[in-house]
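The exercises below go through one protein model, each with a worked solution. Try each task with the structure open before reading on.

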Amino acid sequence: MEQPRFLLTGDTSLSVEFGNEISEAINRRIRAFGLALEAAAIPGVTELVPTYRSMMIHYDPEVIGYEALKARLTAVLGGLDQIALPPSQVLEIPVLYGGEAGPDLAFVAEHAGLTPEEVIARHTKPEYLIYMLGFTPGFTYLGGLDERLNTPRLAQPRVSIPAGSVGIAGSQTGVYPIASPGGWQLIGRTPVRMYDPHRAVPILPKAGQYIHFYPIDQAEYDRIAALEAGEGYTCRCHAREEGAQ
């Protein structure tokens with residue numbers, strides 16, 4: 001595997017790039033790097049932002065300069081092979097597919113040459129790796145979508161998409177955590193609040209976790225939505241089995 005590259009990204013940040021492709025192997029190195037940096041507790045480092053193939057490090061230049069930080073990061077990188085990653089967690093996300101919740105399900109099915117039921121079956125089969133969060137708070141960039149479900153974005157993006165909408169765009173799938181514009185093909189909606197600024201931990205998913213979608217009916221959707229509007233709903237979460245797909 002190629003050596004990481006240091007990229008200057010501003011007066012108070014730099015990026016460590018681990019490769020030039022989206023892969024689980026690179027993601028594991030980024031996760032290991034994040035754990036190692038947390039353990040190292042380098043003075044002046046204020047935030048770590050993992051992406052598909054890099055880690056951005058924000059720092060206070062009045063505490064540590066660029067060259068000194070680069071030297072500390074290089075030392076941390078040298079010990080990554082000794083970092084044991086904890087088992088990944090799988091977050092179970094309920095989804096109401098089709099109808100008003102998923103107005104583009106029929107188009108995705110037609111494009112794939114499948115029935116809507118087959119689209120749902122294929123979409124709910126994988127455990128999707130959360131490579132990174134971005135775009136809006138808690139928006140997940142997931143890997144592992146069935147190639148048969150690869151569907152182009154809308155020709156004309158929607159001005160507003162309801163929070164919780166589950167969509168497909170090209171080879172990606174994900175959940176809109178807040179109401180926002182967007183051009184993804186909407187196939188369903190989850191009643192789970194992926195982002196809630198009033199929670200102790202506002203953003204539910206975390207980079208390095210996996211998401212597994214499972215189908216629910218309208219009654220279950222309404223039940224979970226009612227819980228979210230009150231005391232809150234806790235998603236099922238379990239350790240991922242090694243080698244699971």
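Helices and strands here are DSSP runs, numbered from the N terminus: a helix is H or I over at least four residues, a strand is E over at least two. The model is predicted.

**Exercise 1. A residue with positive phi**

Task: Find the loop in which F135 lies, and state whether F135 is buried or exposed.

Solution.
Step 1. F135 lies in the loop between β6 and β7, the latter being residues 140-143.
Step 2. The relative accessible area of F135 is 54%. Exposed means over 50%, so F135 is exposed.
Step 3. Phi of F135 is near 70°, a positive value in a residue other than glycine. Most residues other than glycine have a negative phi.

**Exercise 2. Another positive phi**

Task: Do the steps of Exercise 1 for A41: where is A41 found, and what is its relative accessible area?

Solution.
Step 1. A41 is found in the loop between α1 and β3 (45-50).
Step 2. With a relative accessible area of 55%, A41 is exposed.
Step 3. Phi of A41 is near 50°, a positive value in a residue other than glycine.

**Exercise 3. Two helix pairs**

Task: Describe how α1 packs against α2, then how α3 packs against α4.

Solution.
Step 1. Helix α1 (residues 24-40) and helix α2 (residues 66-77) pack with their axes 10 Å apart, at an angle of about 120°. That angle makes α1 oblique to α2.
Step 2. The crossing of α1 and α2 is right-handed. From α1 the contact uses F33, A36, L37 and A40, and from α2 it uses R72, L73, V76 and L77.
Step 3. For α3 and α4 the axes are 8 Å apart and the angle is about 90°. Angles of 65 to 115 degrees count as roughly perpendicular, so α3 is roughly perpendicular to α4.
Step 4. L105, V108 and A109 of α3 make the contact with P116, V119 and I120 of α4.

**Exercise 4. The nonpolar cores**

Task: Which residues have the most contacts inside the largest nonpolar core, and which element gives the largest share of this core?

Solution.
Step 1. The largest nonpolar core has 32 residues, and I93, V119, I187, V192, I211 and F213 have the most contacts inside it.
Step 2. Elements that give two or more residues to this core include the helices α3 (105-112), α4 (116-123) and α5 (218-229), and the strands β5 (89-97) and β13 (210-215).
Step 3. The largest share of this core, five residues, comes from β5.
Step 4. Take V192 as an example: leaving aside neighbours within four places in sequence, V192 is in contact with I93, P94, L204, I224, E228, Y233 and C235.
Step 5. A second, separate core has 19 residues, among them A32, I42, M55 and L77.

**Exercise 5. Two residues in one loop**

Task: Compare the surroundings of M194 and D196, starting with where M194 is placed and where D196 lies.

Solution.
Step 1. M194 is in the loop between β12 and β13. D196 lies in the loop between β12 (185-189) and β13 as well.
Step 2. The relative accessible area of M194 is 1% and the relative accessibility of D196 is 10%. Buried means under 20%, so M194 is buried and D196 is buried too.
Step 3. Not counting residues up to four places away in sequence, M194 touches several residues, including I93, V175, R199, L204 and I211.
Step 4. The side chain of D196 makes a polar contact with the side chain of R193 at 3.4 Å.
Step 5. D196 and G138 are 58 residues apart in sequence, and their C-alpha atoms are 9.3 Å apart in space.

**Exercise 6. Buried polar side chains**

Task: Which side chains make polar contacts with the side chains of T173 and E17?

Solution.
Step 1. T173 is found in strand β10 (residues 172-175) and counts as buried at 1% relative accessibility.
Step 2. The T173 side chain makes a polar contact with the side chain of H123 (2.8 Å), and reaches the backbone oxygen of G167 at 2.8 Å.
Step 3. E17 is found in strand β2 (residues 13-17) and counts as buried at 12% relative accessibility.
Step 4. The partner of the E17 side chain is the side chain of R53, at 2.9 Å.

Methods:
Residues are numbered from 1 along each chain as its sequence is written. This is a predicted model: local features need pLDDT of at least 70, side-chain atom pairs count only at pLDDT 80 or more; totals for chains, interfaces and linings use all residues. Side-chain values use heavy atoms; hydrogens and water are left out. A nonpolar core is a set of buried Ala, Val, Leu, Ile, Met, Phe, Trp, Tyr and Cys residues joined through side-chain atoms within 4.5 Å. Buried means under 20% relative accessible area, exposed over 50%, partly exposed in between (1.4 Å probe, protein chains only). Contact means heavy atoms within 4.5 Å. A polar contact is a pair of N or O atoms within 3.5 Å; within protein, one must be able to donate a hydrogen and the other to accept it, and residues adjacent in sequence count only if both atoms are side-chain atoms. Axes are lines fitted to C-alpha atoms, for helices over the stretch in contact, and angles run from 0 to 180 degrees between N-to-C directions. Angles under 35 degrees count as roughly parallel, over 145 as roughly antiparallel, 65 to 115 as roughly perpendicular and the rest as oblique. A crossing is left-handed if the near helix is turned anticlockwise from the far one by less than a right angle, and right-handed if clockwise.
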